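This briefing goes through one protein chain, from its overall build down to single residues. Please keep the sequence and the structure in view while reading.

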Amino acid sequence: MQAPEKNLAFELVRVTESAALSAARWLGKGNKEAGDGAAVDAMRLSFRSLSIRGKVISGEGAKDNAPMLFNGEEVGDGDGPDVDVAVDPVEGTSLLAYGRPNAISVVGVCSQGSMYNPGPSYYMQKLVVGHAARDVIDLDAPVHDNLTNIAKAIGKDVNDLVVFVLDKPRHEKLIQEIRAAGARIQLHTDGDVTGALMVADPRTDVDVMMGTGGTPEGVIAACAIKGVGGQMLCRLDPQSYVEKEAIEQAGVDIREILSVETMIRSDDAFFAATGISGGSLLGGVRYTGNGAVTHSLVIRAKTGTFRYIEAHHNWDRLMKFSAVQYD
């Protein structure tokens with residue numbers, strides 16, 4: 001028997017925990033830049049303790065002119081495997097700023113050279129399903145047809161399906177079509193990584209995610225969807241002329257349909273997420289006076305293992321060697 005390979009997800013969760021612990025101090029204080037910046041600083045410092053040679057392929061902050069780990073930034077201690085990294089220290093900065101549910105900290109990692117580089121793209125159209133429906137979806141098919149095929153694949157009536165959609169003006173027609181097909185809808189103001197995770201997580205009621213969201217978030221979510229055997233079909237969907245022109249100048253084909261397999265081209269992929277504000281996916285950070293409790297999810301693509309982690313942090317011991325800022 002061979003010794004099992006190291007599961008990097010267990011290392012990555014310390015990074016997302018650090019970011020969540022730092023960001024959660026800003027919950028409901030109305031300053032999303034400060035909360036995001038605290039998470040970025042904690043994540044950057046925590047990465048230094050990981051035995052990897054990582055390069056950030058997709059850092060979410062550029063889309064929002066927010067604090068960020070920048071594209072091309074090297075992370076890790078310079079030892080260990082060469083990996084591509086996608087990060088979002090706070091997915092849902094507005095959720096954090098206004099004290100709303102489902103703000104999370106997320107990281108996706110895969111072997112070097114196997115992660116899709118979104119370049120100057122900020123937005124993409126997405127269709128996400130779990131394992132049972134992975135082979136029956138078509139990004140160009142009518143909404144009614146996709147929902148009918150998905151319902152049949154998972155053994156439900158269309159009227160029982162729940163579809164995650166971001167509550168944005170661009171989705172007005174999509175929402176009408178979903179309702180016309182008879183499916184139910186969960187509208188969320190932000191957080192399409194969360195939406196993809198809800199599709200993957202058997203504890204939630206969400207069956208499908210549809211609509212246009214962030215491209216960096218799509219790359220991150222692909223690490224998780226790959227791990228649970230689901231499918232995500234995407235196509236770049238620029239929301240401005242400037243974005244469209246930048247993509248074309250970069251030589252990227254806007255018409256290409258991407259899948260989990262083309263966005264994450266290796267089974268050596270890992271994902272970690274930690275809740276910041278409490279929600280239907282993960283519990284939020286709960287401060288206890290002398291410490292805190294965090295709730296996380298880690299996924300390893302090669303084995304398909306899906307783990308939930310509840311961690312109890314003790315400030316007196318943690319602060320002797322940790323970079324987490326809690327005051």
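**Salt bridges and overall build**

Glu261 is partly exposed, with a relative accessible area of 35%. The model described here is predicted. Glu261 pairs with Arg134 in a salt bridge, with 2.9 Å from N to O. Arg134 belongs to the loop between strand 5 (123-129) and helix 5 (143-154), and Glu261 to helix 10 (residues 260-263), so the pair ties together parts that are 127 residues apart in sequence.

**Whole chain**

- The chain holds eleven helices and 13 strands. Its radius of gyration is 19 Å, close to the 20 Å that the globule rule gives for 327 residues, so the chain is as compact as a globular protein of that length.
- The C-alpha trace spans about 55 × 50 × 40 Å along its principal axes.
- Buried residues make up 54% of the 327 in the chain.
- Taking contacts between residues at least 6 apart in sequence, 70% join residues that are at least 24 apart.
- The exposed area of the chain is about 14100 Å², and 47% of it comes from carbon and sulfur atoms.
- The chain carries 32 positive and 43 negative charges, and the mean positions of the two sets lie 4 Å apart.

**Helix 7**

- How many of the nine residues of helix 7 are buried? Nine of the nine are, so helix 7 (residues 192-200) is largely enclosed by the rest of the structure.
- The buried residues of helix 7 include the charged-type residue Asp192 as well as Val193, Leu197, Met198 and Val199.

**Other salt bridges**

- Side chains of opposite charge can pair when their charged atoms come close. In the whole structure, a search finds 15 salt bridges.
- Asp207 and Lys156 form one salt bridge, their closest N and O atoms being 2.9 Å apart. Asp207 sits in the loop between helix 7 and strand 8 (208-214), while Lys156 sits in the loop between helix 5 and strand 6 (162-166), so this pair ties together parts that are 51 residues apart in sequence.
- Are the partners of this pair buried or partly exposed? Asp207 is buried, at 13% relative accessible area, whereas Lys156 is partly exposed, at 36%.
- Arg255 and Asp253 also meet through their side chains in a salt bridge, at 3.3 Å from N to O. Arg255 is exposed, with a relative accessible area of 68%, and Asp253 is partly exposed, with 36%.
- Arg134, Asp135 and Glu261 are joined into one network by salt bridges that share partners.

**Thr262 and Gly284**

- Thr262 has its place in helix 10. Thr262 is partly exposed, with a relative accessible area of 31%.
- How far apart in space are Thr262 and Gly289? Their C-alpha atoms are 46 Å apart, with the two positions 27 residues apart in sequence numbering.
- Gly284 is found in the loop between strand 10 (269-275) and strand 11 (286-287). With a relative accessibility of 13%, Gly284 counts as buried.
- Gly284 and Thr262 are 22 residues apart in sequence, and their C-alpha atoms are 32 Å apart in space.
- Leaving out residues up to four places away in sequence, Gly284 touches Gly275, Ile276, Ser277, Gly278, Val293 and His295.

**Asp268**

- Asp268 lies in the loop between helix 10 and strand 10. The relative accessible area of Asp268 is 29%, which makes the residue partly exposed.
- Asp268 and Gly227 are 41 residues apart along the chain, and 9.6 Å separates their C-alpha atoms.

**Asn102**

- Most residues other than glycine have a negative phi, and most peptide bonds are trans. Asn102 is not a glycine, yet its phi is positive, at about 75°.
- Where does Asn102 lie? Asn102 is in the loop between helix 4 (93-97) and strand 4 (104-111).
- Asn102 is buried, with a relative accessible area of 8%.

How values were computed
Residues numbered from 1 in each chain as written. Predicted model: local features only at pLDDT ≥ 70, side-chain atom pairs only at ≥ 80, totals over all residues. Heavy atoms only, no water. Helix = DSSP H or I, 4+ residues; strand = E, 2+ residues; numbered from the N terminus. Rg over C-alpha atoms; globule rule 2.2 N^0.38 Å. Buried < 20%, exposed > 50% of the residue type's maximum accessible area, 1.4 Å probe, protein only. Contact = heavy atoms within 4.5 Å. Areas by Shrake-Rupley, 256 points an atom, 1.4 Å probe, with all protein chains shown as cover. Lys, Arg positive; Asp, Glu negative; His and termini not counted. Charge placed at Lys NZ, Arg CZ, Asp CG, Glu CD. Salt bridge = Lys/Arg side-chain N within 4 Å of Asp/Glu carboxyl O.
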